[in-house]
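Visitor: Could you take me slowly through one part of this structure, the place where the ligand sits? I am new to it and would like a close look.

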Amino acid sequence: MMKQIPLAGVLGNPIAQSKSPRLHSHWLQKYGLLGHYVPLHVTDENLETVVRAMPKMGFVGANVTLPHKIAVMKFADQISDRATLIGAANTLTFKEDGRIFADNTDGYGFMANIRQNAPDWEPKAGPAVILGAGGAARAIIVALADAGVPEIFLTNRTRAKADALRAEFGARIKVIDWVQAGNILEEAATLINSTSLGMTGNADLRVPLDGLRKGTLVTDIVYSPLRTKLLTDAEALGCITVDGLGMLLHQGVPGFERWFGVRPVVDDETRRVVLG
Ligand code: ATR
């Protein structure tokens, strides 16, 4: 029997805004591979039916985005340590025997983006400050702790969510009141915005940045616009800045490699193609 053309896709709701189809289609073309990667608009109630049908339709894997990253864990036969720790999955692989493997590559993408664009960054240099305590913050906390960051100051508008993450991820985390965030920045070796503030259509971050030291690494998970107000302000203060697009691009690498057999490279061309 002829081998089926491998399919992959991204499951979300909404999904039209996702840049993953453009990213993976570019890689398929660049490496001359047979395959297709499609956006899949899936409601909560249809998630299980869709995921269970995918391997039967020739899908070798899928990315998972909002709001399904937590719910999809229920349908996995095997879950990676990273996904278990983070409590969410963004990458599914359908094994030949039909079993579903769930992984989370968001923390990997976060770290690979920094390594590529701020190669001199030293995790052990000092504390990291994370703004926000949503799903993205969970992956970033795990990645930073793995990398050896000695201390994490976590601050969130809704303090209870930050307290819950501290209870879950441990004593390396100190929770700071949202209104006090500006006062902790002079201690930071790294500052990360994991909130949706600064995104086109949303309000800007209002945390006063003047305490930031020169040379502090400042990065944003927001990539639309690419240069957020946080990044331009931090740059003006002499900080090293890394935009959020690379996190998205790098989180796609492990899935693509598993599904299509080639480890894709993230470079300037990838950025240009995905930005369109
Ligand atoms: P994600 O999974 O992408 O992290 P999320 O779980 O909805 O998305 O988290 C969004 C983050 O942005 C949260 O930390 C949220 O703060 P709350 O927990 O207080 O909601 C933060 N955020 C969103 N809008 C905000 C605003 N206007 N001011 C401050 N923080 C905001």
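Guide: What follows is a walk around the ligand and the residues beside it. This is a predicted model, in which local features need pLDDT of at least 70 and side-chain atom pairs count only at pLDDT 80 or more, while totals for chains, interfaces and linings use all residues. Residues are numbered from 1 along each chain as its sequence is written, and side-chain values use heavy atoms, with hydrogens and water left out.

Around the ligand there are 14 residues, of which Ala-133, Asn-156, Arg-157, Thr-158 and Lys-161 come nearest; a residue is near a molecule if one of its heavy atoms lies within 4 Å of it. By class, this shell holds four nonpolar, eight polar and two charged residues, where Ala, Val, Leu, Ile, Met, Phe, Trp, Tyr, Cys and Pro count as nonpolar, Asp, Glu, Lys and Arg as charged, and the others, Gly among them, as polar.

Some of these neighbours can be followed atom by atom. Thr-158 places a polar side-chain atom 2.5 Å from an oxygen atom of the ligand, and in the side chain of Lys-161 an N or O atom is 2.7 Å from an oxygen atom of the ligand. Ala-133 takes part through its backbone, with an N or O atom 3.0 Å from a ligand oxygen atom; a polar contact is a pair of N or O atoms within 3.5 Å. Taken alone, the ligand exposes 640 Å², and the protein buries 70% of that, with accessible areas coming from the Shrake-Rupley method with a 1.4 Å probe.

Notes: A polar contact is a pair of N or O atoms within 3.5 Å; within protein, one must be able to donate a hydrogen and the other to accept it, and residues adjacent in sequence count only if both atoms are side-chain atoms.
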